[in-house]
Amino acid sequence: MGERVLVADDDREIVKAIDILLRKEGYEVLKAYDGLQALDILSRESVQLVLIDVMMPKLDGLSALMRIREKKNIPIIVLSAKSEETDKVLGLSMGADDYVAKPYNPRELAARVKSQLRRYTSLGDIHAGSRASEIKNGRLLYNTEERILYADGEPVRLTATETRIVDLFMRNPGRVFPAEEIYRRVWEEDAFASENTVMVHIRRIREKLELNPKEPEYIKVVWGIGYKMEKQEKRN
Amino acid sequence: MDTKWKNRKKGISFLVFFLGISLALGNIAAIFRDRPSGVRIWQLQRLLQDDYQESGRFRAYMTHRLEDFLIMATGGEGLWGIWGYADGTYYGGYDRDYYYSDYGDYYGDYYEEYWNGYTEFQEAVREMGYPQEAEEDSADSGSVSSMSVEELADYLEGLEKMQDDYLELLDMIGDSEQWDSDQMEDFRYQLEDYRDGIEYYLGELQSYRPELDRERMKPLTEEQKQIIARKYHERIQGDKNLLYTVAYDGKALYSNSDFLPADGSMAAPEGYDFVLYFDGEKVRIQKDGKEVDIYGDGYYRDDSDWYLPGYRNFQVDETAKKAAVCIAVAKEPVLFSEGAYGNGGTKQYDNTLYWMDRNFRDRQRNLIREFKGLAIGIVLLFAAFLCRKSRQEAAKSIARFQARIWMECKLVVFLLFFYGIYLFLLVFLIDGSGYSLREEMADIVPPLLWVALFWGIWLLWNDLRHNKKIWRRSLIAELYRTFSAKSLNQPLARKIARRNRTVFLTSLVYGALMTGEFLLIYSDWRDEGIRIAVLFLVILETVLFLTALYLTGAKNMKAAREVDVLSGRIAQIRNGDYRDRQAMDSTGVSANNTAYNDAGWPRNVEESAGQNLEPVMAQLEDIRHGMAKAVDEQMKSERMKVELIANVSHDIKTPLTSIISYVEILKQEEGLPDYVKDYIRILDEKSHRLKNMVQDVFAVSKAASGELPVQMEELDFGKLLRQTLADMEEQIADSDVTFRTEIPEEPVMIMADGERLYRVFQNLFQNAIKYSLEGSRVYITLRTDGQLAVASVKNTSRQELEKEKDFAERFARGDASRTDGGSGLGLSIAQSFTEACGGQFSWETDADLFVVKIAFRILRPYIAPKETAQ
């Protein structure tokens with residue numbers, strides 16, 4: 001506990017709001033109101049995570065991000081009022097670990113901060129390399145022998161059926177499964193009206209492992225085709 | 001099955017109609033032909049009675065017989081069928097006209113007339129003075145030889161021909177000045193030949209002269225008349241179908257029956273049912289023992305049945321008053337013959353009555369048959385009238401068939417048909433001259449021809465009635481259409497070029513023809529007829545050529561005028577006059593004062609058109625430039641609009657982030673009074689709604705400007721619907737409405753962006769949940785309609801739907817109060833996203849039923865996949 005988070009945004013009220021939210025979660029918050037200020041604080045203080053807005057005076061968020069990445073490997077979450085896919089991709093490609101569009105859900109933001117810090121601090125060893133029986137995808141880790149799914153290093157409680165679905169997805173990241181196939185392989189019965197059953201289970205799994213179940217990042221619907229586990233781009 | 005029966009019914013009803021008309025018409029014509037003359041067709045009683053003695057022919061026969069008997073009784077002359085008698089020998093013909101009576105004999109007249117004419121001819125020859133030999137042909141005239149009439153006629157005919165040829169030769173004397181000696185010699189021989197011929201005939205005529213002497217022709221003597229009467233009696237007495245007794249002055253002269261006294265007792269032997277008695281003044285007739293009324297009111301008229309003496313206006317002379325004649329006629333006549341072997345064989349007697357009876361019976365039989373046919377025809381016609389609907393169908397079918405035939409063919413067939421009838425009538429009219437045309441038509445045109453005539457006219461009428469514009473289906477029209485269709489499809493420039501080529505080639509052909517024909521005319525061509533024909537040809541060709549020239553010229557003129565109007569218009573548009581043509585037509589004057597004269601030429605041609613099309617092209621280039629700029633600017637402004645909205649939404653998002661964040665902080669604050677918590681709840685709700693709205697506005701504006709990025713992929717429409725429904729299952733389960741789905745299990749593959757399409761149906765389903773009547777059902781169906789897959793969402797609105805409202809309009813909602821959580825962009829997003837994916841979006845209302853339809857083109861028909869192996 002007591003990780004230090006740097007929040008950089010030119011909107012003082014937003015910085016203050018994030019400060020209140022994160023302090024409630026038990027983090028120490030450092031404040032910056034432009035890019036240069038943020039770099040200055042980073043050079044002096046020990047910081048475990050950076051929340052940085054894109055549109056800032058003096059030095060914009062993305063430039064600051066690149067400067068930070070030259071020296072540090074700490075998790076960086078980009079905040080932006082631009083919500084388009086291209087903006088998100090740009091931010092991630094420049095070295096951001098996550099991208100949160102404004103206006104964000106404060107609780108989701110807190111969850112993402114928590115998730116990034118967990119992966120950075122507690123699971124540092126996992127970053128280095130994984131064992132043969134472990135499949136890693138973003139913040140998820142699946143142990144095929146134990147059949148346990150870890151999200152941000154914490155085991156996710158899944159029912160037997162959910163575990164089988166997760167097993168199928170984690171072993172085949174990126175592959176699209178039609179509902180019928182999932183049904184056949186998980187329930188081992190002929191598929192009939194499988195769409196609803198599969199969807200119900202997927203929704204439950206999402207609630208357990210997604211940071212924002214309404215905008216899932218891992219288990220996604222490929223509309224008109226099936227379901228898949230999204231393969232997360234690895235940083236570095 | 002049904003149509004088969006219908007077709008059969010059609011066929012049968014028309015057949016009935018056809019037979020009915022044919023039978024009725026044919027038999028009416030036949031009845032007209034076969035009916036006894038003087039009997040009207042509606043006098044059925046008279047038409048169908050089977051007693052030959054009631055016929056007009058019988059009455060005429062009896063009249064003639066009585067006349068003959070009276071001639072015999074009174075010693076008159078002119079008995080029928082007896083050879084003439086003169087100079088102690090019989091000769092002549094079967095007719096009164098043939099043997100010599102007194103002055104005025106037919107051939108005698110002819111001969112005398114001709115003889116005199118020939119004398120004139122001799123005069124003419126004499127006056128011309130050449131050749132002198134002709135003079136010798138002259139002979140004494142004015143006498144008639146007693147040669148036989150046939151011989152005389154032959155000679156006269158020969159003589160006439162000779163005279164014609166001779167006169168023709170004489171005509172040629174006019175040209176004789178240019179003749180050479182050979183021609184002259186030929187001519188002389190010919191003339192001499194004719195002269196010899198004429199001499200021969202004249203000699204023959206003269207040799208007969210003493211025998212055929214008009215002076216010696218005398219009336220028959222009493223004795224001769226008696227011999228003729230006796231001969232007549234001998235000829236007819238063997239025919240016992242007609243018994244007669246002829247008495248004069250109380251004394252029986254001729255009779256072929258001992259049992260028929262001429263005393264008015266009217267006693268006739270068995271089997272003779274008709275008795276006629278003439279007492280010297282009047283005639284009495286008994287038929288089957290009953291007296292027949294002959295005279296009526298006592299005056300003879302044209303329509304009186306009997307032409308017999310005894311009417312007040314038809315009396316006999318003194319000599320006949322002493323005569324008495326009684327005639328009896330057999331009820332059923334038989335054939336009488338006599339074996340006159342001494343004279344070399346059998347001979348038949350007159351037997352007129354027998355044959356009359358036979359013919360009469362035959363005719364009655366025919367008439368009865370024809371009436372039966374007529375009756376059947378009328379019955380069939382009535383039947384055809386009952387099923388006239390299907391008959392009209394049949395007539396339409398026939399018309400459809402007729403419509404396929406070229407008009408020219410029909411025309412030829414009809415003309416030939418009517419020409420045939422005309423020829424037929426002509427032949428019979430010439431043959432049977434003296435009849436009135438009406439009777440002629442009824443009598444000589446065979447019934448079959450009448451029927452054919454009717455059907456010919458019927459076909460014509462049917463064609464005209466059912467087929468509008470029958471001339472469209474004609475060889476000429478089709479040729480014209482082929483050519484004009486070919487030229488229609490070509491660009492104007494090519495058409496003009498082709499016209500020029502045509503004109504050039506036509507001129508070439510015309511020139512060649514003219515040269516040839518003038519050569520023909522001016523060459524040393526003897527025959528005037530051919531020269532005139534060629535001249536006529538020249539005129540015809542010139543007319544045709546000029547017509548063709550005019551027609552192509554007119555077309556080019558039209559094109560030129562249009563080009564001019566076009567270039568004028570281009571100039572106007574270039575100068576900034578964007579009014580449409582109609583507005584200009586009504587004023588007649590455009591912005592730069594281009595007025596049009598009556599011929600359609602712009603008044604200031606030089607300004608608008610220029611000498612060539614080059615300035616016009618330059619103007620067009622200017623317009624293109626301007627338009628490109630305008631389009632560019634429009635695009636730019638579109639982009640700016642999206643940018644503006646993006647900026648605005650960005651600017652809204654930043655304060656919104658603060659609001660949402662502080663609301664969240666407030667929510668986590670403890671110890672607040674309940675009413676404050678309530679305020680916070682409202683703030684939370686509204687701020688989230690604001691967030692959704694900002695996102696939606698941004699999405700719609702991007703989609704509307706065509707900048708919405710889409711990732712098109714093949715997907716199963718049905719699956720997408722099922723997934724969307726599954727995704728929204730909780731929302732649906734919590735709502736007051738029930739969803740009824742009808743989505744096929746087999747894939748319906750379309751090309752679309754799944755994420756966008758999901759948003760489309762999410763919006764539609766949310767709307768359906770939001771605006772449906774509580775407890776009602778929402779119907780989701782996916783159907784394939786040919787090449788299209790159509791998904792529809794139907795729901796019953798809770799609120800009354802306004803008519804004519806555009807629900808897909810941005811911010812339009814089912815109710816106007818706007819208190820619910822929607823952004824009002826649901827349908828608008830659905831529409832713009834569907835269209836961005838290449839689908840068709842449509843919606844309609846029917847009372848309170850709201851129906852949205854989304855259609856995509858199906859990529860390929862479904863083929864059942866093989867089971868994928870594990």
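This is a short tour of one strand and its neighbours in a predicted model.

**Start with the whole chain.** Show chain A as a cartoon. Its 236 residues include 39% that are buried. The chain has 9 helices and 12 strands. Of the contacts between residues at least 6 apart in sequence, 56% join residues at least 24 apart.

**Select residues 49-53 of chain A.** This is strand S3. How many of its residues are buried? The count is 5 of 5, and the strand is described as mostly covered. Now show the side chains. A:Leu49, A:Leu51 and A:Asp53 lie on one side of S3(A), while A:Val50 and A:Ile52 lie on the other. Both faces are covered, and the residues named on each are buried.

**Add residues 4-8 of chain A.** These form strand S1, which pairs with S3(A). Do the two strands run parallel or antiparallel? They pair in the parallel sense, over 4 bridges. To look at one place in this pairing, pick A:Val5; its bridge partner in S3(A) is A:Leu49.

**Add residues 76-80 of chain A.** This is strand S4, joined to S3(A) by 4 bridges. S3(A) and S4(A) run parallel. Which residue of S4(A) is the bridge partner of A:Asp53? Pick A:Leu79, which is that partner.

**Add residues 61-71 of chain A.** Here is helix H3. Keep S3(A) and S4(A) on screen with helix H3, and follow the chain from S3(A) over the helix to S4(A). The three elements make a β-α-β unit, and this unit is right-handed.

**Last view.** Show S1(A), S3(A) and S4(A) together. S3(A) pairs with S1(A) and is also joined to S4(A).

Conventions
Residues numbered from 1 in each chain as written. Chains lettered and ligands numbered in written order. Predicted model: local features only at pLDDT ≥ 70, side-chain atom pairs only at ≥ 80, totals over all residues. Buried ≥ 20, exposed ≤ 12 C-beta atoms within 10 Å, placed from the backbone. Pairing = 2+ DSSP bridges. Right-handed = clockwise from strand over helix to strand, strands pointing away. Contact = placed C-beta atoms within 7 Å.
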